[in-house]
Structure formats: C-alpha cells, structure tokens
Amino acid sequence: MTGKQHFEEIKTLLGESGTYYLIAVDMNAEYSYLNKHYAEIFKPIHGNLIGEHYAVTIHEDDRQICQTVSELAFRYPDSVFPATLRKHDGKGGFIITRWEYKAIFDDAGTPAGIFCLGHDITELVQVSGELDQIKSKHSHSIRRHVANLMGLGKLIQDGTRLEDIQDAAKMIVESATSLDGVIRELR
C-alpha cells in the first residue's frame, strides 16, 4: 500500500474528527488537505489555507522544526516523527500542538508531500506549568522546615548548656508542627 493509500484511509477515519487535526502539505510546502477540525480552528484566523504555505500558521521559531521533521520523514519513510509546534491563535498568542509527520509517496515512489496528525495540547502544557509551580512552592515550604530541623539538630549536637538544648527542642517541635501543617495542606 502506498503512502497516498494510507493517507486516504486515515482521511476516511479522521476527516470529521472533532479532536484531531489532519493535514497534508504538498512538495511546494502548501496545504493540500485540511480535515474539518483543523479548518474550523484555523480558517477563521488565516482564511482558506488550501494552497497557502504551511508556515503562515506557525510561530516563526518553530518553522525549522517543521523543516527538520519533514526531512526525517522523507529520509525514513517507514517511520513517523513527532513535533511540538505553536500555531497562531489570532489573538496574539499561540495554540500549542503536538504532531506526527509521515511522508507521502506516489505509486512511482516519488515524494508527494507530508501528512500530519496532530492535536491541541495547550491546556495540557498550561496545567503542567501550573503543577510545576505548585510543586516548586510546596517543595520550598517543606525544604524550609527540613532545613530548620537539621540546623536545630546540629545545635543540639554542639550544645553544651541544658538551656540551649531545651530551646532547640522547643523550636524543633514548632518546626515539626509547621511541617505537619504543610504536609496536611498537600492532601
């Protein structure tokens, strides 16, 4: 089965998808196919994309990624290659997308273009960033109490006066209580 035949089967399966983007770009780097979902999202921003250069939708810094991944797809035609790309959202921002690229060859084995299957990962990236911030905040909170406990333990080890050791023990209980509060907040 040729690349074109594979693509036709995939178009039948995903042409009406409401989740996945399916596009094809010809050897002139122009859109030759857009599934319904891709057209619904990007046509209002860029107009009719069929016949337009693919780069019109992509963040300038990501265009080299497209080039590199396309070259890999033609060099290794039995493989699929991933790419994460930012697409203009029409509001000054970007829709972050994840793609898989596959080269298309005609019946004679001549390169005919690239087809790409993708989806929007903007929300996933945003949530991941928020989780990283929360993780960092909690890590800092926990680490602060652990550092206090370690320092107080050192004071006890080096302490010679009973009064200093009792003060350190009191601060250990306070710090451990605060740490317990932080841990309970995490649940």
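In the predicted model, Ile23 has Cys116 of β5 as its bridge partner. This pair belongs to a strand pairing. Strand β1, residues 21-26, and strand β5, residues 111-120, run antiparallel and are joined by six bridges. On β4, residues 94-105, β5 has a further antiparallel partner, with nine bridges between the two. Thr97 stands opposite Asp120 of β5. The connection between β4 and β5 is a hairpin with five residues between the strands. Gly109 lies in the turn and has a positive phi of about 85°.

The paired strands also contribute to the nonpolar interior. The largest nonpolar core holds 25 residues. Those touching the most other members are Ile23, Tyr31, Tyr38, Tyr54, Leu85, Trp99 and Tyr101. At least two residues of this core come from each of β1, β2 (31-34), α2 (36-46), α3, β3, β4 and β5. β4 gives the largest share, five residues. Apart from this core lies another, of seven residues, including Leu14, Leu22, Ala24 and Phe115.

Trp99 illustrates the packing of the largest core. Neighbours within four places in sequence are set aside here. Trp99 is then in contact with Tyr21, Ile23 and Tyr38. Its contacts also include Phe81, Pro82, Ala83, Leu85 and Lys87. Cys116, Leu117 and Gly118 complete the list. Ile23 and Cys116, the bridge partners named at the outset, are thus both in contact with Trp99.

The search for empty space gave the following picture. The largest pocket has a volume of about 290 Å³. Its lining comprises 20 residues, of which Val25, Ala29, Tyr54, Ser70 and Ile114 are the closest to the pocket centre. Two or more lining residues come from each of β1, α3 (63-75), β3 (81-88), β4 and β5. Helix α3 provides the largest share, five residues. By class, 14 lining residues are nonpolar, three are polar and three are charged. Tyr54 appears in both settings: among the residues closest to the pocket centre, and among the core members that touch the most others.

Glu40 was examined separately. This residue lies in helix α2. Its relative accessible area is 46%, so Glu40 counts as partly exposed. The cut-offs place that class between under 20% for buried and over 50% for exposed. Glu40 and Gly18 are 22 residues apart along the chain, and their C-alpha atoms are separated by 9.4 Å.

Notes. Residues are numbered from 1 along each chain as its sequence is written. This is a predicted model: local features need pLDDT of at least 70, side-chain atom pairs count only at pLDDT 80 or more; totals for chains, interfaces and linings use all residues. Side-chain values use heavy atoms; hydrogens and water are left out. Two strands pair if DSSP finds at least two bridges between them. Helices (H or I, at least four residues) and strands (E, at least two) are DSSP runs, numbered from the N terminus. On a 1 Å grid over the protein atoms alone, a cavity is a set of points where a 1.4 Å probe fits but cannot get out, and a pocket is an open set with protein on both sides within 12 Å along at least five of seven lines; lining residues have an atom within 4 Å of a point. Grid points are joined across faces, edges and corners, and a volume is the space filled by probe spheres set on the points. Ala, Val, Leu, Ile, Met, Phe, Trp, Tyr, Cys and Pro count as nonpolar, Asp, Glu, Lys and Arg as charged, and the others, Gly among them, as polar. A nonpolar core is a set of buried Ala, Val, Leu, Ile, Met, Phe, Trp, Tyr and Cys residues joined through side-chain atoms within 4.5 Å. Buried means under 20% relative accessible area, exposed over 50%, partly exposed in between (1.4 Å probe, protein chains only). Contact means heavy atoms within 4.5 Å.
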